[in-house]
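Open the model in a viewer with a selection prompt at hand. The stops below go from one selection to the next.

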Amino acid sequence: MSELTITGEKQQVPTPAAGVWLSTEGFEAAVGRVRADVVALFADHVHRSIWAPPVIARDVVARTGYPNSFPHLLGEVSTQLDRTDLMLTAAACHHAYPLIAESVLSTPFCIAVEATCFRNEATAETGRFRSFRMQEIVFVAEPEACLRWRDESMERARQWLTGLGVDATVHNADDPFFGPGARLMRATQRDQQLKWELSAPVGDGLRQAVASSNYHKDHFSSVFGFRSQNHHTLHSACIGFGLERLALVLIARHGPEVRTWPV
Ligand SMILES: [Zn+2]
């Protein structure tokens with residue numbers, strides 16, 4: 001009988017599908033440490049936490065607008081016979097908005113969602129996964145408070161990584177929008193500073209975005225109809241953490257033994 005040996009500095013095992021990896025026990029311990037740190041980082045903000053499966057209602061995804069902007073990344077679930085009413089989750093926060101749809105919220109309202117996400121990435125360099133876990137914190141409040149939270153939460157994340165000895169930097173970013181309007185949408189996103197990314201070294205001499213925050217303005221509150229008690233317009237923002245990417249960052253910085261990492 002041959003013995004299955006799984007080795008490798010990153011403790012992830014490639015599969016025949018590009019950008020799809022298996023985790024060893026060691027890597028899973030690293031993911032667990034990252035998850036615990038992120039949860040602790042926002043424990044004073046979060047009112048509710050939910051854990052989502054890798055699939056989401058097609059109707060919800062349509063309402064987010066994601067299919068128009070990122071049809072090249074979005075996956076749908078089909079049987080061998082037909083389409084189903086499900087899509088693959090592309091962003092964990094998409095599971096949060098139906099929970100508060102058409103409701104009156106006392107603000108600020110903050111919810112954490114973890115989901116296994118899928119994005120059909122065209123490349124598969126270190127840290128770029130097609131299937132990965134994302135922990136997202138979604139914040140709903142009046143516009144000024146929302147923008148302030150977006151900036152503070154990104155700074156909180158940066159300080160956490162810096163405190164762990166990681167060379168983490170925050171920068172204004174844009175998304176890989178699809179189609180003829182892509183350039184304009186990217187420019188608008190940059191000019192209005194709607195998206196910030198925190199990037200860090202993931203190994204192999206590469207840096208990747210390990211967290212990103214988006215300020216949605218009233219996009220989701222108008223689409224999903226959540227509002228405040230005093231009828232003021234609510235805005236939303238989210239910050240998402242790529243758990244596997246962050247595990248790679250900490251393994252690259254401190255080695256594969258999680259118990260030797262700084263607390
Ligand atoms: Zn989000």
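How are the donor residues of the zinc ion spaced in sequence? The pattern is C-x42-E-x101-C. The coordinates are those of a predicted model.

**Stop 1: the zinc ion**

Select the zinc ion together with Cys-93, Glu-136 and Cys-238, which coordinate the metal through SG, OE and SG respectively, at 2.0 to 2.3 Å. Then colour Glu-136 and Cys-238 as a pair: they link distant parts of the chain, 102 residues apart. Glu-136 belongs to strand 9 (residues 131-141), and Cys-238 to strand 14 (residues 235-242). Glu-136 and Cys-238 are both buried.

**Stop 2: His-95**

Move on to His-95, in the loop between strand 6 and strand 7 (104-105). Is His-95 buried or exposed? Its relative accessibility is 14%, so His-95 counts as buried, the cut-off for that class being under 20%. Show its surroundings next. Leaving out residues up to four places away in sequence, His-95 touches Ile-50, Ala-52, Pro-53, Val-55, Ile-56, Thr-89, Val-113 and Ala-115.

**Stop 3: an open sheet**

Select strands 4, 5 and 6. These 3 strands make an open sheet with antiparallel pairing, in the order 4-6-5. Strand 4 (55-57) and strand 5 (76-78) are at the edges; each has a single partner strand, so one side of each has no neighbour in the sheet. On average, and ignoring direction, neighbouring strands here are turned by 50° against each other.

Zoom in on strand 5 and strand 6 (residues 83-88), an antiparallel pair joined by 2 bridges. Which residue stands opposite Glu-76 in strand 6? The residue to pick is Met-87.

Between strand 5 and strand 6 is a loop that holds Asp-82. Asp-82 counts as exposed because its relative accessibility is 53%. For a distance label, use the C-alpha atoms of Asp-82 and Pro-54: the two residues are 28 apart in sequence and 19 Å apart in space.

**Stop 4: backbone angles**

Most residues other than glycine have a negative phi, and most peptide bonds are trans. The next selections depart from that pattern.

- Thr-107 and Pro-108 are joined by a cis peptide bond, with omega about 0°. Pro-108 is in the loop between strand 7 and strand 8 (109-118).
- Gln-193, not a glycine, has a positive phi of about 50°. Look for Gln-193 in the loop between helix 5 (182-191) and strand 11 (195-203). With a relative accessibility of 37%, Gln-193 counts as partly exposed.
- Lys-217 also has a positive phi, near 55°, in a residue other than glycine. Lys-217 is in strand 12 (residues 206-217). A relative accessibility of 33% makes Lys-217 count as partly exposed.

**Stop 5: helix 7**

Finish with helix 7 (residues 243-254). The 12 residues of helix 7 reach 16 Å from the first C-alpha to the last, close to the 16 Å expected at 1.5 Å a residue. Why is helix 7 described as largely enclosed by the rest of the structure? The reason is that 9 of the 12 residues of helix 7 are buried. To show them, select Leu-243, Glu-244, Arg-245, Leu-246, Ala-247, Leu-248, Val-249, Leu-250 and Ile-251. The last selection is Gly-255, which follows helix 7 and has a positive phi near 90°.

Definitions and conventions: Residues numbered from 1 in each chain as written. Predicted model: local features only at pLDDT ≥ 70, side-chain atom pairs only at ≥ 80, totals over all residues. Heavy atoms only, no water. Pairing = 2+ DSSP bridges. Helix = DSSP H or I, 4+ residues; strand = E, 2+ residues; numbered from the N terminus. Axes fitted to C-alpha atoms, helices over the stretch in contact; angles between N-to-C directions. Donors = N, O, S within 2.8 Å, 3.2 Å for Na, K, Ca; no water. Buried < 20%, exposed > 50% of the residue type's maximum accessible area, 1.4 Å probe, protein only. Contact = heavy atoms within 4.5 Å. Expected span 1.5 Å × (residues − 1).
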